[in-house]
Every structure is written in structure tokens, then in C-alpha cells.
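Dear colleague,

I am passing on the structure we spoke about, with the sequence alongside. Please look through it first, and then read my notes below.

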Amino acid sequence: MEASLRIRVDGTEKLEERPLLEIIRVSKAFGGLMALVDVSLRVWPGQIKGLIGPNGAGKTTLFNLITGMLRPTSGEIRFDGRSLVGLPPYRIAALGIARTFQNVQLFPGMTVLEHVLIGGHRHGRSGLLGTILRTPQMRQEEKAARARAWEILERVGLEEWAHRPAESLPLGLQRIVEIARALAATPRLLLLDEPGSGLNPMEKVQLAKLIRSLRQEGITMLLVEHDMNLVMELADEIAVLDYGRLIAEGPPEAIRQNPQVIAAYLGEEDTVPDAAQG
């Protein structure tokens, strides 16, 4: 596989030997409907990759394929050189892939802290017997898990809501709860499915700040987002889907000016957001 020159988050150059995530000619059919057709793209270590397109373009379907919730009709998906096709979701999560959802998915009656603890459950080693018998190892794991959960809550600014039911929080904070739950799994790749949906301008500013800081900590992200100002402000590269096909890929400014993108998604040219204004 060809090497590619990438820019580190600290501004220095590095020659990457392979992408962290590679989608290779992936198609997905639901009966006679093709949701994705021959899609190929790469996400490199340390990158924020944007994925945009109209409703129904196949963005969430691609996330479901990456995380093992669906299996591709054809094509290959590789994470750090390893095929993900056919692996169950829990195995894929264990490799270091976590996600949020377009429609917030929280557990009724559970607190913010409990959501984060659930997100980190895969790190436990005691097993069912250890849990039942309350072994010293189990108690030590619980202590470490709670400490880690509190670190994450402080990291994302949710500590004061730790003991509140998660569904009682405003939408903006619920989306941060989802990100915190995903971070508890210590992901190498974080899939963000419309994290800015329904947020007010101030909440989007805080979200953008959080996403940038996560990249500084070395987390690679694939970001689906309808807010063009937000995605063009955050993404290093953007891939564009239309009717399940990849129609464009490149840096934000090139995507903003791409005639196919303007026609398929962004509307008239004079309505295309300028990243410099966002």
C-alpha cells in the first residue's frame, strides 16, 4: 500500500504507511435498493474526516457497516489493516471503534455517571463469577472504572450532572453524554453521527472545542454533520455521498467550491457557507 504524507496535530509532517480506517469498494443493498454503491475512502491516524450528503445518501448506513451492525453486500472494510467484515459489534468495539447516534440513545432512568460506566465495561476482566462473588479483583476494577468515569465527566464538563438522569438533561448535554460514553471505551476511532443536530449556536461552539481537543489527544474521528459551517471548520478532509455514491473528496475549501457538491447538496453557489465565516 502506498505511503502518504500527513500532517500531525502538532503541525509536523509524518509519513503514514497505512490509513487507520479503509473502506474499499463497499456496496450495501436492501432488497432492490442500493444504499451504498462502490464506496471507497480512507481515514488517516489523527485526522478529522467529514462525511456529508443529503438525507438518505448512505452516511448512517456506512457507520452501521463499520461498527458491524450491518454487513456489506460487497467490498472490504479494514481497521488498522484488519478486516472488520463479519465481526460482531462487540468485537469491533474491542478493537477501538466507538460511535454516537444521530438520534440520541440513552438508557431511561440511568444517571450520567452510569452511562459512562457502561461505556467502559469492556475493560473489565473479572467476568460473571467475579461479579457475583465480589472478588478483590472485581472491587478494584469497579474503583478504577469509577475513577476513569469521573475523569471523563470532568474532561467533557459534565461532572455537576453526574448523578442526574441522563434523559433529563437538555439535548446539547445529552449529546455530550453520548460522546462521554463513547470515550469510556478508549476508542482509537470515534464515529460522530450528527453531533451538532438540534444544538444552539453556543452549544455548537462548545462541541467544536471538545472535538478539537479530542483530536489533540490523538483520537481519530469520522464526522457526519449537516451543519456545513461546523464540518468545514473542523474537518481536515471531507467526503461527499449522494444517492449512495461518493461524488467528491478533498479539503474543505475544494469541497465548498466543487460544482457536483453544490448541485447535489449545498444548493446554489451563492448559498454555500464560507468556512472563514463559520
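What follows is an account of what was found in the model, beginning with the whole chain and then turning to single elements and side-chain pairs.

Please keep in mind throughout that this is a predicted model. Its mean pLDDT is 85, and 83% of the residues reach 70 or more. Among the elements, strand S6 (residues 74-79) has the highest mean pLDDT, at 98, whereas helix H4 (residues 127-133) has the lowest, at 44. There are two stretches I would point out in this respect: over residues 126-132 pLDDT stays under 50, and the model has seven contacts beyond four places in sequence for them, while over residues 268-278 pLDDT also stays under 50, with 16 such contacts in the model. Where pLDDT is low, the predicted coordinates should not be read in detail.

As for the overall make-up, the protein has ten helices and twelve strands, and 47% of its 278 residues count as buried. Of the contacts between residues at least 6 apart in sequence, 63% join residues that are at least 24 apart.

Helix H6 deserves a paragraph of its own. At 1.5 Å a residue, the 13 residues of this helix (residues 171-183) should span 18 Å, and the C-alpha atoms at its ends are 19 Å apart, which agrees with that expectation. Is H6 largely enclosed by the rest of the structure or not, and why? Eleven of its 13 residues are buried, so the helix is largely enclosed by the rest of the structure. The buried residues are Gly172, Gln174, Arg175, Ile176, Val177, Glu178, Ile179, Ala180, Arg181, Ala182 and Leu183, a list that includes charged residue types such as Arg175 and Glu178 by name.

Within H6, Gly172 is buried, because its relative accessible area is 6% and the limit for that class is 20%. Leaving aside neighbours within four places in sequence, Gly172 is in contact with Leu199 and Glu203. The C-alpha atoms of Gly172 and Met202, which are 30 residues apart along the chain, are separated by 9.8 Å.

Arg148, which has its place in helix H5, is in contact with Leu183 and Thr186 once its neighbours within four places in sequence are left aside, and Leu183 is itself one of the buried residues of H6. The C-alpha atoms of Arg148 and Ala184 lie 7.6 Å apart in space, although the two residues are 36 apart in sequence. With a relative accessible area of 34%, Arg148 is partly exposed.

Arg148 also takes part in a salt bridge, its partner being Glu151, with the closest N and O atoms 4.0 Å apart. Both residues lie in helix H5 (residues 136-156), three residues apart, which is about one turn of the helix. Glu151 is likewise partly exposed, at a relative accessible area of 48%.

How many salt bridges does the count come to? The count comes to 14, and two others are worth setting beside the pair in H5. In one of them, Lys204 pairs with Asp227, the closest N and O atoms being 2.7 Å apart. This pair links distant parts of the chain, since Lys204 is in helix H7 (residues 201-216) and Asp227 is in the loop between strand S10 (220-224) and helix H8 (228-234), 23 residues apart. In the other, the side chains of Arg215 and Asp236 meet at 2.8 Å, N to O. Here too distant parts of the chain are linked, with Arg215 in helix H7 and Asp236 in the loop between H8 and strand S11 (237-242), 21 residues apart. Arg215 counts as buried, at 17% relative accessibility, whereas Asp236 is partly exposed, at 31%. Salt bridges that share partners also join Arg18, Asp80 and Arg188 into one network.

Two further results concern the aromatic rings. The count of aromatic pairs comes to zero, but the charged end of Lys28 does sit over the ring of Phe30, 5.3 Å from its centre.

With best wishes

Key: Residues are numbered from 1 along each chain as its sequence is written. This is a predicted model: local features need pLDDT of at least 70, side-chain atom pairs count only at pLDDT 80 or more; totals for chains, interfaces and linings use all residues. Side-chain values use heavy atoms; hydrogens and water are left out. Rings of Phe, Tyr and Trp (its six-membered ring) pair if their centres lie within 6.5 Å; planes under 30 degrees apart count as stacked, over 60 as edge-to-face and the rest as tilted. A charge sits over a ring if NZ of Lys or CZ of Arg is within 6 Å of the ring centre and within 35 degrees of the ring normal. Helices (H or I, at least four residues) and strands (E, at least two) are DSSP runs, numbered from the N terminus. The expected span of a helix is 1.5 Å times one less than its number of residues. Buried means under 20% relative accessible area, exposed over 50%, partly exposed in between (1.4 Å probe, protein chains only). pLDDT is the predictor's confidence in each residue, from 0 to 100. Contact means heavy atoms within 4.5 Å.
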